[in-house]
Amino acid sequence: MVTKTIQITEVTIDELADKVSDILLLKIENYIKELTKPKNNKLLTHKEVAVMLRVSLVTIGVWSKVGILNPIRMGNRIFFKEQDILNTLEQQSINKKR
């Protein structure tokens with residue numbers, strides 16, 4: 001474990017308290033936003049995902065095998081979480097912008 005010492009000069013206790021409270025408030029607001037985001041737990045079939053992404057069923061199978069999509073197995077049926085699909089699309093969009 002690494003310990004660090006921070007020395008603060010030319011700042012009053014009230015100014016320091018205000019800065020700390022502002023940062024904490026921002027972090028708490030971000031945390032609350034994450035908690036209040038609607039969770040989409042809808043399960044989709046291969047066909048529904050293919051229609052949603054406008055690709056073939058074969059492509060969905062390949063993407064599942066290589067790990068682009070994460071299938072959920074229930075007995076002999078395979079489903080995909082809609083939120084996982086949306087997260088993958090968002091991540092791909094972010095990667096393209098870089």
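**Exercise 1. Contacts along the chain**

Among contacts in the chain between residues at least 6 apart in sequence, what percentage join residues at least 24 apart?

*Solution.* The model is a predicted one. Starting with the contacts between residues at least 6 apart in sequence, we keep those whose partners are at least 24 apart, and these make up 49%. A pair of residues with such a spacing is Gln92 and Ile68, which lie 24 residues apart along the chain and whose C-alpha atoms are separated by 10.0 Å.

**Exercise 2. Overall form**

Describe the order of the helices and strands, and then decide whether the chain is spread out or a compact globule.

*Solution.* First, the chain contains 4 helices and 3 strands, and reading along the sequence gives the pattern α-β-α-α-β-β-α. Second, the radius of gyration is 23 Å, whereas the globule rule gives 13 Å for 98 residues; the value for the chain is well over that of the rule, so the chain is more spread out than a compact globule. Third, the C-alpha trace spans about 65 × 30 × 25 Å along its principal axes. Finally, we turn to the surface: 11% of the 98 residues count as buried, and the chain exposes about 8,800 Å², of which carbon and sulfur atoms supply 57%.

**Exercise 3. The faces of helix 2**

Find which residues of helix 2 are buried, and explain how they are arranged around the helix axis.

*Solution.* Helix 2 covers residues 46–53, and its buried residues are Val49, Ala50 and Leu53. Seen down the axis of the helix, these buried residues fall within an arc of 100°, so they line one face of helix 2. A general rule helps here: an α-helix has 3.6 residues a turn, so residues three or four places apart point the same way. On the face of helix 2 turned away from the buried side we find the exposed residues Lys47 and Val51. Helix 2 is then followed by Arg54, which has a positive phi, near 60°.

**Exercise 4. Classifying two residues**

Decide whether Leu35 and Gln92 are buried, partly exposed or exposed.

*Solution.* The cut-offs needed are under 20% relative accessible area for buried and over 50% for exposed, with partly exposed in between. Leu35, found in helix 1 (residues 13–36), has a relative accessibility of 54%, and therefore counts as exposed. Leu35 also belongs to a nonpolar patch on the surface, whose members, including Ile6, Val20 and Tyr31, have about 970 Å² of accessible area together. Gln92, found in helix 4 (residues 82–97), has a relative accessibility of 41%, and so counts as partly exposed.

Technical notes
Residues are numbered from 1 along each chain as its sequence is written. This is a predicted model: local features need pLDDT of at least 70, side-chain atom pairs count only at pLDDT 80 or more; totals for chains, interfaces and linings use all residues. Side-chain values use heavy atoms; hydrogens and water are left out. Patches are made of residues with over 30% relative accessible area and no salt bridge: like charges are joined within 9 Å, nonpolar side chains (Val, Leu, Ile, Met, Phe, Trp, Tyr) within 5 Å. Accessible areas come from the Shrake-Rupley method with a 1.4 Å probe; for residues, only the protein chains shown count as cover. A salt bridge is a side-chain nitrogen of Lys or Arg within 4 Å of a carboxyl oxygen of Asp or Glu. Helices (H or I, at least four residues) and strands (E, at least two) are DSSP runs, numbered from the N terminus. Buried means under 20% relative accessible area, exposed over 50%, partly exposed in between (1.4 Å probe, protein chains only). The arc is that of the directions from the helix axis to the C-beta atoms. The radius of gyration is taken over C-alpha atoms; the globule rule is 2.2 Å times the number of residues to the power 0.38. Contact means heavy atoms within 4.5 Å.
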